[in-house]
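Good morning, colleagues. Please bring the sequence and the model up on your screens, and I shall walk through the fold, one helix, the charged pairs and a few surface positions.

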Amino acid sequence: MHEVAKRPSAYVLTMAKERPKREEYYLNIAKQVAERATCFRNKGGAIIVKDDVIVATGYIGAPRKTKDCFERGYCLRDKLKISHGRYYEICRSCHAEQNCIINSARAGVSLLGGDMYIYHRDREGKEMDSFPCFICKKMIINAGLKRVICSTKEKGMKIFNVEDWVKEWQEKDILDDEYQYGRDLNIKEKLKDDLS
């Protein structure tokens with residue numbers, strides 16, 4: 001009987017050590033959401049958490065009821081050799097961040113003060129910096145989100161306070177942004193990065 005009492009407490013201690021931090025937990029959920037993406041260039045997923053509750057999810061994908069790149073069999077942006085982070089009007093998909101915000105609007109959920117978690121991996125399955133593009137950053141600011149937690153290519157995370165983006169864009173222009181999506185991929189894939 002004494003031995004039985006020890007096992008549960010040892011089990012509880014072991015489990016407590018393995019429990020992921022909150023940011024890791026939510027980034028792992030965003031990683032799973034990314035598996036639904038229909039983009040040849042990368043798998044991206046996003047979730048929004050408010051008061052420790054997931055209120056919206058989104059992944060890279062074409063608008064509802066339209067054909068995505070998988071169904072068409074090719075990436076339009078690859079075919080036209082369009083750089084990463086540029087000319088998004090020439091893309092079949094909405095970004096994970098955009099779809100996450102859109103899905104919350106469809107459900108009538110307020111995002112004010114929430115946190116967005118973003119995960120991306122490239123076409124080879126390698127971790128990448130999951131920093132939002134300029135369009136997504138503008139949407140995140142206007143949605144009233146508080147923080148954005150992004151996975152990084154080093155398998156870590158970078159946490160941004162949205163208020164800091166607002167202050168930076170008041171003092172500088174958006175092109176001065178240190179964390180621009182796509183620069184590293186354009187170098188890797190030898191695509192023109194015309195904003196550098």
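Let me begin with a question of location: where is Y87 found? Y87 lies in the loop that runs between α4 (76-79) and α5 (96-107). I should say at once that this is a predicted model. With a relative accessibility of 44%, Y87 counts as partly exposed. Together with L80 and I90, Y87 makes a nonpolar surface patch of about 270 Å².

Let me now step back to the chain as a whole. Its secondary structure amounts to eight helices and five strands. Along the sequence, these elements follow the pattern α-α-β-β-α-α-α-β-α-β-β-α-α. The protein chain has 196 residues, of which 43% count as buried. The exposed area comes to about 11,700 Å², and carbon and sulfur atoms supply 53% of that area. As for contacts with a separation of 6 or more, 65% of them are accounted for by residues 24 or more positions apart.

I turn next to helix α2, which covers residues 22-34. How far apart are the end C-alpha atoms of α2, and what span should its 13 residues have at 1.5 Å a residue? The expected span is 18 Å, and the end C-alpha atoms are 19 Å apart, so the two values agree.

Which residues of α2 are buried? They are E23, Y26, L27, A30, V33 and A34. These residues cover an arc of only 110° around the axis, and therefore they sit on the same side of α2. The cover over the buried residues of α2 includes β1 (42-50), β2 (53-59), β3 (115-122), β4 (147-151) and β5 (157-161).

Now to the charged pairs. How many salt bridges does the structure hold? There are seven, and I shall discuss three pairs in detail, including how each is placed in the chain.

One of them joins R121 to E35, with the closest N and O atoms 3.1 Å apart. This pair links distant parts of the chain, since R121 belongs to strand β3 and E35 to the loop between α2 and β1, 86 residues apart. R121 is buried, at a relative accessible area of 19%; the cut-off for that class is under 20%. E35, at 39% relative accessibility, is partly exposed.

Another salt bridge is formed by D78 and R41, whose closest N and O atoms are 2.7 Å apart. Here too, distant parts of the chain are linked: D78 is in helix α4, R41 is in the loop between α2 and β1, and 37 residues separate them. R41 is buried, with a relative accessible area of 5%, whereas D78 is partly exposed, at 25%.

A further pair is R147 with D115, the closest N and O atoms being 3.1 Å apart. It connects strand β4, which holds R147, to strand β3, which holds D115, across 32 residues of the chain. Are these two partners buried or exposed? R147 is buried, with a relative accessible area of 18%, and D115 counts as buried as well, at 14% relative accessibility. Which residues are linked with D115 and R147 in a network of salt bridges? The network includes E23 alongside D115 and R147. E23 has already been mentioned, as one of the buried residues of α2.

Finally, I would draw attention to some loop positions. Most residues other than glycine have a negative phi. What, then, is phi of K65? Phi of K65 is near 65°, a positive value in a residue other than glycine. K65 is found in the loop between β2 and α3 (69-72), and K65 is exposed, with a relative accessible area of 89%. K155 is not a glycine either, yet it has a positive phi of about 65°. K155 is located in the loop between β4 and β5 and is exposed, its relative accessible area being 67%.

The loop between β4 and β5 is also the place of K153. With a relative accessible area of 40%, K153 is partly exposed. What distance separates the C-alpha atoms of K153 and S130? They are separated by 8.0 Å, although K153 and S130 are 23 residues apart along the chain.

That concludes my presentation; thank you.

How values were computed: Residues numbered from 1 in each chain as written. Predicted model: local features only at pLDDT ≥ 70, side-chain atom pairs only at ≥ 80, totals over all residues. Heavy atoms only, no water. Helix = DSSP H or I, 4+ residues; strand = E, 2+ residues; numbered from the N terminus. Expected span 1.5 Å × (residues − 1). Buried < 20%, exposed > 50% of the residue type's maximum accessible area, 1.4 Å probe, protein only. Arc of directions from axis to C-beta. Contact = heavy atoms within 4.5 Å. Patch = residues over 30% accessible without salt bridge, like charges linked within 9 Å, V, L, I, M, F, W, Y side chains within 5 Å. Areas by Shrake-Rupley, 256 points an atom, 1.4 Å probe, with all protein chains shown as cover. Salt bridge = Lys/Arg side-chain N within 4 Å of Asp/Glu carboxyl O.
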